Amino acid sequence: MITKEQLYQRQITLPEFGEIGQQRLQDAKVLVVGCGGLGSVAVVYLAASGIGKLHLVDFDQVSVSNLHRQVFYKVGDIGKAKAEVLSNYIKTITPFSSISFSAIALNKSNVFDLFKDYDIILDCTDSLSVKYLINDACILLDKILVYASLYKFDGYVATFNGLDAAGNRTANLRDAFPEMPKKYIQNCAEAGTLNPIVGLIGLMQANEVIKLVTKIGTPIQNQLLIYNSLENSQFKMTLKPFDACHSERQRRISNLFKTETYTNLACKLQDEALLISAKVLKTQILKARKRLFIISVIENQNISLPFAVDAQIQLSKFNLKDLNIDPSKSYIFVCQYGMSSYEATLRFKATYKKVKVLSLEGGIGKFDFEA
């Protein structure tokens, strides 16, 4: 039977850390939203460091495209709930942490119940709307938020809504970016990313939590750290709280929370008349393939597709003039999650009003799993 002293010997040996720091980790309660590239790395290192209570929140399942950067999942885990797989893995490496999970999507109706019993929240998601939901809920509940995001070769890390030396709450996501973008911005699944930066940023999040809990070092507060993996450079953008005091901030965010839906911008107002389900598309491919013109708008064109397409374009470079339109055919746009494809469908429909055009609902992942 191993002891805590044996397991955590290397960090307890640090004079700045010691047994007091280890006990603080044991007493800490941390919730992680998102068990993908960032979350799987952050939570495994936090558990291995000795965080006493961890809760994982993620609705997603392990897919083939996850494995290159979400290295704690195996081929045999494909199709299984990420939160459950990761929870089971953590239990094999640390006997001194309590691990639980919720295999559900975070939303406006459940966020307060999920967050209320935890000291620190980690945002390891890739959805802008969910990031604002997490940020706003942390402000209203007085929770510290360790934030991170990725875009291609860049990573972003910050500790939001923490406490400074005077006991005042520090800057939050809305001090950096006051409103959710009105236009859809691609996530890393569609824009692509290299696996090392995912691990680096996830580790930075874990490091922030350990500093916050053990009270050693300086958290990234009132700043946003921007790291570029190609240049191995980093820049800290200074942030200043917009509100004069925390109570004023809470009143403002409370009013926003009442009216904001926190719905993904790409899915928020998707017209069902412009969508085609995976099941229907499968049938049409089998029975009437010649009457279809299927276009992939996946940014990373090396991603394998479950069916042949007639054209591959990048949404960022999409030009309708590049297509030789045949009004007798139905045009089907596809992407990974049904977001870029819907945007392309809207652009197409605005120009060719009488030509039938549809977006694959939910993306190619749905095509893989639906019967």
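These legends describe close-up views of cysteines and salt bridges in a predicted model.

**View 1. Cys-124 and its closest cysteine sulfur, in Cys-35.** The two sulfurs lie 8.0 Å apart, too far for a bond. A disulfide needs sulfur atoms within 2.5 Å. Cys-124 is buried, at 7% relative accessible area. Across the whole structure, a search returns zero disulfides.

**View 2. Cys-245, with Cys-138 as the residue holding the closest cysteine sulfur.** Here the sulfur-to-sulfur distance is 19 Å, again too far for a bond. Cys-245 is partly exposed, with a relative accessibility of 34%.

**View 3. The salt bridge between Asp-77 and Lys-74.** The N to O distance is 3.7 Å. The two partners differ in exposure: Asp-77 is buried at 5% relative accessible area, whereas Lys-74 is exposed at 54%. The structure has 10 salt bridges in total.

**View 4. A salt bridge within helix α10, joining Glu-208 and Lys-211.** The helix spans residues 195-214. The partners sit three residues apart, about one helical turn. Their side chains meet at 2.7 Å, N to O. Glu-208 is buried, with 1% relative accessibility. Lys-211 is also buried, at 15%.

**View 5. A salt-bridge network of Asp-243, Arg-249 and Arg-252.** Asp-243 pairs with Arg-249, their closest N and O atoms lying 3.8 Å apart. The cut-off for such a pair is 4 Å. Asp-243 and Arg-249 are both buried. Arg-252 is linked into the network with them.

Conventions: Residues are numbered from 1 along each chain as its sequence is written. This is a predicted model: local features need pLDDT of at least 70, side-chain atom pairs count only at pLDDT 80 or more; totals for chains, interfaces and linings use all residues. Side-chain values use heavy atoms; hydrogens and water are left out. Buried means under 20% relative accessible area, exposed over 50%, partly exposed in between (1.4 Å probe, protein chains only). Helices (H or I, at least four residues) and strands (E, at least two) are DSSP runs, numbered from the N terminus.
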